[in-house]
Amino acid sequence: MSDKEVILTPDGLKRLEEELEFLKSVKRREVAERIKVAIGYGDISENSEYEDAKNEQAFIEGRVLTLEKMLRNARIINSDEIVTDVVSIGVTVNVEDMEYGDVMEYTIVGTAESDPLNNKISNESPVGRAIIGKKIGTIVDVSVPAGVIQYKILDIKMK
């Protein structure tokens with residue numbers, strides 16, 4: 001991960017800080033204990049418990065470094081910066097699929113916060129890129145692997 005600016009909402013900042021604290025205070029201790037127990041089993045050269053614990057330790061340390069870097073490069077989008085006359089990070093948008101008439105609601109967030117399963121899409125995703133900066137009533141073309149989808153922006157509001 002480069003030193004690229006990480007755009008976060010206050011909720012996203014809180015979640016990343018909580019995850020970092022959990023990894024540092026809970027998971028590190030748990031993995032250290034697993035390693036200690038695994039060493040107690042004897043020869044570590046053929047000890048799968050030890051290998052698994054060491055792999056988990058490496059993953060946790062990598063995630064800690066990533067989170068720390070993200071937080072160092074964070075720019076928080078506060079509610080007073082959010083306008084609802086155009087689509088921007090921090091707003092919730094209702095869009096209509098022009099072909100099928102389906103209406104979807106998305107919250108636009110920075111990449112670090114995106115969670116498509118919970119309708120939080122990144123400003124860098126295909127849909128996010130297409131609608132960012134647009135106004136209510138605008139029809140946008142979104143390039144997806146299956147072709148082009150047209151969405152009409154129906155509503156923009158604070159989340």
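This is a walk through the structure, one selection at a time.

Keep in mind throughout that you're looking at a predicted model.

**Stop 1: the N-terminal stretch**

Start by selecting residues 6-76. UniProt lists this range as "domain: Transcription elongation factor GreA/GreB N-terminal", from an unreviewed entry. Colour by secondary structure and helix takes over: the chain here is 79% helix and 8% strand. Now pick the C-alpha atoms at the two ends of the range; they sit 8 Å apart.

**Stop 2: helix α2**

Narrow the selection to residues 48-72, which is helix α2. How far does α2 reach from its first C-alpha to its last? Its 25 residues span 36 Å, close to the 36 Å expected at 1.5 Å a residue.

Next, show side chains for Tyr50, Ala53, Ile60, Val64, Leu67 and Met70, which are buried residues of α2. What do the buried residues of α2 pack against? Add β1, α1 and β2 (74-76) to the view and you have the packing partners.

**Stop 3: Val31 on α1**

Hop across to Val31, which is in helix α1. Is Val31 buried or exposed? It's buried, because its relative accessible area is 3%, under the 20% cut-off. Leaving out neighbours within four places in sequence, Val31 touches Ala53, Glu56, Gln57 and Ile60. Two of those names should ring a bell: Ala53 and Ile60 were among the buried residues of α2.

For a sense of scale, draw a distance from Val31 to Lys159. The pair is 128 residues apart in sequence, and the C-alpha atoms are 38 Å apart in space.

**Stop 4: charges along the helices**

Stay on α1 and select Lys14 and Glu18. Their side chains form a salt bridge, with N to O at 3.9 Å. Both residues belong to α1 and are four residues apart, about one turn of the helix. The general geometry helps here: an α-helix has 3.6 residues a turn, so residues three or four places apart point the same way. Glu18 counts as partly exposed because its relative accessible area is 45%, which falls between the 20% and 50% limits.

Further along, select Lys27 and Glu30. This salt bridge has its closest N and O atoms 3.3 Å apart, and the two residues are three residues apart in α1, again about one turn. Glu30 is partly exposed too, at 40% relative accessible area.

Now widen the selection. Which residues are linked in a network of salt bridges with Lys27 and Glu30? Add Arg34, Asp52 and Glu56 and the network is there. Glu56 has come up already, as one of the contacts of Val31. Over the whole model, the count comes to 12 salt bridges.

**Stop 5: Thr9**

Go back along the chain to Thr9, in the loop between β1 (6-8) and α1 (10-40). Thr9 counts as buried, because its relative accessibility is 3%. Setting aside neighbours within four places in sequence, show what is in contact with Thr9: Ile76, Ile77, Gly90, Val109, Glu113 and Lys159. Lys159 was also the far end of the distance you drew from Val31.

**Stop 6: the C-terminal stretch and its sheet**

Select residues 84-157, where UniProt (unreviewed entry) places "domain: Transcription elongation factor GreA/GreB C-terminal". Here the chain is 8% helix and 46% strand, and its end C-alpha atoms are 6 Å apart.

Five strands make an open sheet with mixed pairing, in the order β5-β4-β3-β7-β6. β5 (120-122) and β6 stand at the edges with a single partner strand each, so one side of each has no neighbour in the sheet. On average, neighbouring strands are turned by 45° against each other, direction ignored.

For a closer look, try two pairs:

- β3 (residues 91-97) and β4 (residues 103-109) run antiparallel and are joined by five bridges. Val93 stands opposite Tyr106 in β4.
- β6 (residues 139-144) and β7 (residues 147-158) run antiparallel too, with six bridges. A two-residue hairpin connects them, and Val142 has Ile149 as its bridge partner in β7.

**Last stop: Asp155 and Lys157**

Finish with Asp155 and Lys157, a salt bridge whose closest N and O atoms are 3.9 Å apart. Asp155 is partly exposed at 28% relative accessible area, and Lys157 is partly exposed at 30%.

Note on methods
Residues are numbered from 1 along each chain as its sequence is written. This is a predicted model: local features need pLDDT of at least 70, side-chain atom pairs count only at pLDDT 80 or more; totals for chains, interfaces and linings use all residues. Side-chain values use heavy atoms; hydrogens and water are left out. Buried means under 20% relative accessible area, exposed over 50%, partly exposed in between (1.4 Å probe, protein chains only). Contact means heavy atoms within 4.5 Å. Two strands pair if DSSP finds at least two bridges between them. Axes are lines fitted to C-alpha atoms, for helices over the stretch in contact, and angles run from 0 to 180 degrees between N-to-C directions. A salt bridge is a side-chain nitrogen of Lys or Arg within 4 Å of a carboxyl oxygen of Asp or Glu. UniProt positions are given in the numbering used here, feature names are shortened, and annotations may be inferred rather than shown by experiment. The expected span of a helix is 1.5 Å times one less than its number of residues.
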